[in-house]
Amino acid sequence: MTVHNDTVDNAKATPDHAQPFRELGLKDDEYQRIVEILGRRPTDAELTVYSVMWSEHCSYKSSKVHLRYFGETMTEEMGSKLLAGIGENAGVVDIGGGDAVTFRVESHNHPSFIEPYQGAATGVGGIVRDIMAMGARPIAVMDQLRFGPADAQDTKRVLPGVVAGIGGYGNSLGLPNIGGETVFDETYASNPLVNALCVGTLKVEDLKLAFASGAGNKVILFGSRTGLDGIGGVSVLASESFEDGAERKLPAVQVGDPFAEKVLIECCLELYHSGVVVGIQDLGGAGLACATSELAASGDGGMRVDLDAVPLRAENMTAAEILASESQERMCAVVEPDNVERFMAICAKWDVNAAVIGEVTGEADRLIVSHQGEVVVDAPPSTIADEAPVYDRPWARPAWQDDVQQPAEVDKSVALVDAWLRMVASPALCSRDFITQQYDRYVRGNTVQAQHANSGVLRINEESNRGVAVSADASGRYTFLDPNMGARLALAEAYRNVAVTGARPVAITNCLNFGSPENPDVMWQFREAVHGLADGAVELGIPVSGGNVSFYNQTGDTPILPTPVVGVLGVIDNVEQTIGHALPQPPDSTAQSDFKLLLLGHTHDEFGGSVWQEVSGRGLSGLPPQVDLANEQRLAQFFADSEGISAAHDLSEGGLAQAVFEMLLGSGKGAELDVTGVHEDAFTALFSESASRVLVAVTADRVDIAVHSATAAGIPVAVLGSTNETGEITVAGETVSIAQLAEAWSATLPGLFDHALAPNSPV
C-alpha cells in the first residue's frame with residue numbers, strides 16, 4: 001500500500017481544505033515542521049498523532065531544556081543505583097538480594113476538575129499501568145491532592161468525587177493506599193491537583209522496557225477494547241473536518257474499569273513470567289499513537305500497524321480516533337512469532353481480549369499505519385516520539401518577588417492554647433480521616449504502617465521481612481516564596497519522613513505542578529525548583545529516578561502556587577523494627593508506659609509561609625524555613641544507627657505543637673513540656689516550622705544513650721520532659737487536654753463535607 005497526498009482517512013481533507021492544526025494545539029511553525037518532515041501535507045491521522053505527541057503533556061517541550069539539569073548533575077555513583085531512570089515509564093531501583101522496587105507519581109489534574117470521579121480513578125489506573133509496564137507487580141498507591149478553599153462551594157463538588165474515584169479504583173484493584181496529603185488553597189480553586197503515586201516490586205531479572213526489537217516480531221494490543229472516551233480534548237475529532245455528519249459527542253475524560261485492570265495486572269505478570277514478552281508499553285496519554293510511536297522509536301527497526309485489527313467498542317471510528325483514544329486498561333506488547341500462541345492462550349485464560357495489530361519491520365525508523373485499505377500514517381517514529389520542538393521559553397525573576405519576601409508579620413500575642421486549638425482545627429492541619437477512611441490501607445496484609453504515619457511502610461519480602469518506606473511531600477506556600485528553597489524543603493521533608501521510620505532513603509521521584517510556561521514568572525519558578533531539587537539530590541547522594549511535569553495549572557491568568565511534589569523511597573531491612581510515629585501501647589499494665597520526649601535539631605524564628613501565618617490571616621510573605629540538607633543526612637544516619645527509639649515524628653507544618661499532639665493522640669497520655677531549651681520564646685518553640693527537626697520518644701533508661709548518640713552525630717538535642725497519665729499537655733504555664741485538641745482536630749472536615757461525600761460512586 002502507498003500513501004497518497006490527497007487520499008486520507010476522511011474524504012473532506014482535500015488539498016484546498018484547511019487543516020485545523022491550531023485547534024489541535026499546534027503552532028504555525030510546528031505544522032510547517034511536520035510538513036517538512038513528511039515532505040508533504042500530513043493526513044488527518046498523522047496530524048492527530050503529531051499533535052498529541054507534540055503536546056506539552058507528552059513531549060515536555062517547554063520543560064525539557066530545564067529537566068536536562070537532572071541528568072547533568074547526577075553522578076555516576078548515584079546513577080549506578082538505578083536499573084531504569086528518567087525517560088522510562090517509571091524509575092526502578094536495585095535494592096539488593098535480587099529485589100528491585102519501582103515507583104512513580106503522575107498528575108491527572110485537569111480531568112479531575114471536569115469529571116472528578118473518573119478523572120481521579122483513571123489517574124490511579126494510569127500510574128498503576130506505568131508500574132506494570134516495568135515488569136512489576138503494583139503493591140501500593142498514594143495520593144497528593146490540592147483543592148480550593150475547604151469551605152468553597154466548588155470544592156464540595158470536586159473533593160468528594162476525587163476521593164471516591166481514588167478509593168473506588170484503588171480499593172477495587174486490591175492496592176493499599178498508604179499515605180498522601182490533602183491541601184486547601186484559593187489558587188487551586190477551579191484547578192485541583194490530583195497526583196497519584198504507585199509502588200511496585202519485581203525481581204531484577206524481570207525488568208521490562210518499552211522497545212520494539214526484532215524484525216518479524218508481532219505487535220499485540222491487549223486489554224479493554226478501544227472506544228471514544230478520553231479524546232474529547234482533541235477537538236478536531238469532533239469537528240466537521242473529521243465528520244461527515246453532526247458533531248460527535250465525546251467524553252473528555254477516560255472511563256475506567258478497575259476490575260478489568262485487576263485482571264490485566266495478573267495477566268501481565270503471567271506473561272512476563274512465561275518469558276513471552278520482548279517489549280511492553282502501557283496505553284495512557286495519547287493512547288495507541290503514543291504506544292506505537294514510542295515502541296518503534298526506541299527499537300531497532302520500524303513498525304507496521306493495521307488499525308482494522310484493533311478491537312473496538314464504538315462503530316465507525318476514524319483512524320485518528322482509534323490512534324488518539326485514551327480508553328483505559330490497555331497494553332501493547334512486542335512478541336516473537338513462536339510465542340504468539342502462548343501469549344494468546346495466557347490472555348484467554350484471564351479472559352483478556354488480545355489482537356495482533358502489526359509487526360516489527362526491517363524498515364529502520366518508519367512507522368506505517370493502515371486503515372480500511374489506505375495508509376494513513378507513514379512517518380519516522382523518532383520524529384513523533386522524540387523530536388517535538390523544544391522551547392527555551394523566557395524566564396525571569398518576578399518583579400514582585402522581593403515584595404513577597406519582606407519579613408513576615410507574626411502575631412505572637414495569642415495565648416498558646418488558643419493558638420494551638422485554632423491550628424489543629426484549621427483545614428491545613430485538621431484530621432484527614434474523613435477522607436482516608438474511604439481508602440483500604442491494609443489489603444494484601446503487607447502494610448506495616450499507613451494511617452497518620454510519617455511514611456507508608458510495606459513488607460515486600462515475607463521471608464526476610466524486608467520492606468520499603470515511601471513519602472511524598474510539597475508546600476506550594478514555601479515554593480511561592482522561594483522556589484529553589486521550596487523544592488529543597490519538599491525533598492527534605494519526604495527524605496526525613498522516610499528516615500525516621502528507620503529506612504534508608506535510596507531514590508527520588510517528582511511531579512512538578514506549575515502554571516503556564518508562557519509566563520516568564522512561572523518559568524522562573526519552574527527552573528528554580530528544578531535546580532533546587534536536582535542540587536538537593538546530589539547533596540543527599542540519591543538519584544532522581546524519574547518524574548512528571550504538569551503545566552497550565554491556572555484559572556484565567558492566575559497560576560496555582562508552584563507545587564513540586566517530591567517522593568522519596570527508602571529501604572528497611574526488617575519491617576518489624578520500623579519506628580512508628582505514635583507512642584507504643586504497653587504490652588501489659590505493669591510494663592514501662594511513660595516516655596521521655598526529645599527534640600532533635602535547631603529551632604529558629606521561621607514563620608514565612610507557615611500554617612500560623614495562614615491561620616492568623618497574615619497573608620503569605622517572608623522567606624520559608626531554610627534547610628541545610630547535611631542536617632537531614634545526620635538525622636537519617638542517627639535513625640539508621642540507633643536502637644531503642646520508641647517513636648519518632650518529623651516536624652514540618654504546625655511545628656512542634658502538631659508533632660506532640662499527633663504523637664500523644666490515642667495514647668491516653670499527657671505530657672509536661674519544658675521548651676526553654678528549644679527557643680527562648682515559647683510561641684516560636686511550639687509553632688515555628690524550622691526544618692531538619694524530629695520529635696523522639698524513648699524510655700527513661702534510653703535518654704542518655706539517645707542524647708549521646710545525637711550529640712556525637714552533630715545534632716542539637718533538647719530534653720522536653722516526660723509523658724504522664726493526665727491526658728493533658730502543660731507548657732509555659734498553660735494547659736490543654738488531648739481530648740480538647742482531638743475534638744477540634746477531628747470535627748473540621750466532617751462539618752464541611754458530611755452532606756457532600758458520596759463514597760465509592762461516580763459523582
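Q: What makes N510 and V566 partners across two strands?
A: In this predicted model, N510 stands opposite V566 in β21. The strands around them, β17 and β21 (residues 563-572), pair in the antiparallel sense over nine bridges. Pairing asks for at least two bridges, so nine bridges between β17 and β21 meet that rule.

Q: How do you know that β17 also pairs with β18, and in which sense do they run?
A: Six bridges join β17 to strand β18 (residues 544-550), and the two run parallel. Set that against the cut-off of at least two bridges, and the six bridges make β17 and β18 a pair. One place to look is T509, which stands opposite G546 in β18.

Q: What do β17, α19 and β18 make?
A: They make a right-handed β-α-β unit, with helix α19 spanning residues 520-540. The hand is called right because, with the strands pointing away from the viewer, the path from the first strand over the helix to the second runs clockwise.

Q: Why is β17 called largely enclosed?
A: Nine of the ten residues of β17 (residues 504-513) are buried, so the strand is largely enclosed by the rest of the structure.

Q: Why does C511 count as buried?
A: Its relative accessibility is 0%. Buried means under 20%, so C511 qualifies.

Q: How do you know that C511 has no disulfide partner?
A: The closest cysteine sulfur to that of C511 is in C198, and it is 14 Å away, too far for a bond. A disulfide needs the two sulfur atoms within 2.5 Å. The structure as a whole holds zero disulfides.

Q: And C430, buried or exposed?
A: Buried: its relative accessible area is 3%, and the cut-off is under 20%.

Q: Which residues does the record mark as a binding site?
A: UniProt, in an unreviewed entry, places the feature "binding site" at Y60, R104, N510 and G547. R104 sits in strand β3 (residues 99-107). With a relative accessible area of 8%, R104 is buried, because buried means under 20%.

Q: Which residues does the "domain: PurM-like N-terminal" annotation cover?
A: According to UniProt (unreviewed entry), residues 87-201 and 454-571. Residues 87-201 are 38% helix and 37% strand, with end C-alpha atoms 19 Å apart. For residues 454-571 the figures are 37% helix and 37% strand, with the end C-alpha atoms 15 Å apart.

Q: What makes β23 and β28 edge strands?
A: Start with the sheet: seven strands form an open sheet in the order β23-β25-β22-β26-β24-β27-β28, with mixed pairing. β23 (647-650) and β28 (734-737) each have a single partner strand, so one side of each is left without a neighbour in the sheet. From one strand to the next, the twist averages 20°.

Q: How do you know that β23 pairs with β25?
A: Four bridges link β23 and β25 (residues 694-698) in the antiparallel sense. The rule is at least two, so the four bridges of β23 and β25 are enough. Here D650 stands opposite V694 in β25.

Q: Which helix packs on this sheet and touches β27 and β28?
A: Helix α15 (residues 416-425) does, and its direction makes about 30° with that of β28. Helix α25 (residues 738-753) lies across β27 and β28, running at about 60° to β28.

Q: Why do β8 and β13 stand at the edges of their sheet?
A: This one is also an open sheet of seven strands with mixed pairing, in the order β8-β10-β7-β11-β9-β12-β13. β8 (279-282) and β13 each have a single partner strand, so each has one side without a neighbour in the sheet. Its twist averages 20° from one strand to the next. β8 pairs with β10 (residues 330-335) in the antiparallel sense over four bridges, and Q281 stands opposite C332 in β10.

Q: What makes the phi of D365 worth a look?
A: Phi of D365 is near 55°, a positive value in a residue other than glycine. Most residues other than glycine have a negative phi. D365 lies in the loop between β11 (354-361) and β12 (367-371).

Q: Why is D365 called partly exposed, and Q372 exposed?
A: D365 has 33% relative accessibility, which falls between the 20% and 50% cut-offs. Q372 has 60%, and exposed means over 50%. Q372, in the loop between β12 and β13 (374-379), also has a positive phi, about 50°, although it is not a glycine.

Conventions:
Residues are numbered from 1 along each chain as its sequence is written. This is a predicted model: local features need pLDDT of at least 70, side-chain atom pairs count only at pLDDT 80 or more; totals for chains, interfaces and linings use all residues. Side-chain values use heavy atoms; hydrogens and water are left out. Buried means under 20% relative accessible area, exposed over 50%, partly exposed in between (1.4 Å probe, protein chains only). Axes are lines fitted to C-alpha atoms, for helices over the stretch in contact, and angles run from 0 to 180 degrees between N-to-C directions. Contact means heavy atoms within 4.5 Å. UniProt positions are given in the numbering used here, feature names are shortened, and annotations may be inferred rather than shown by experiment.
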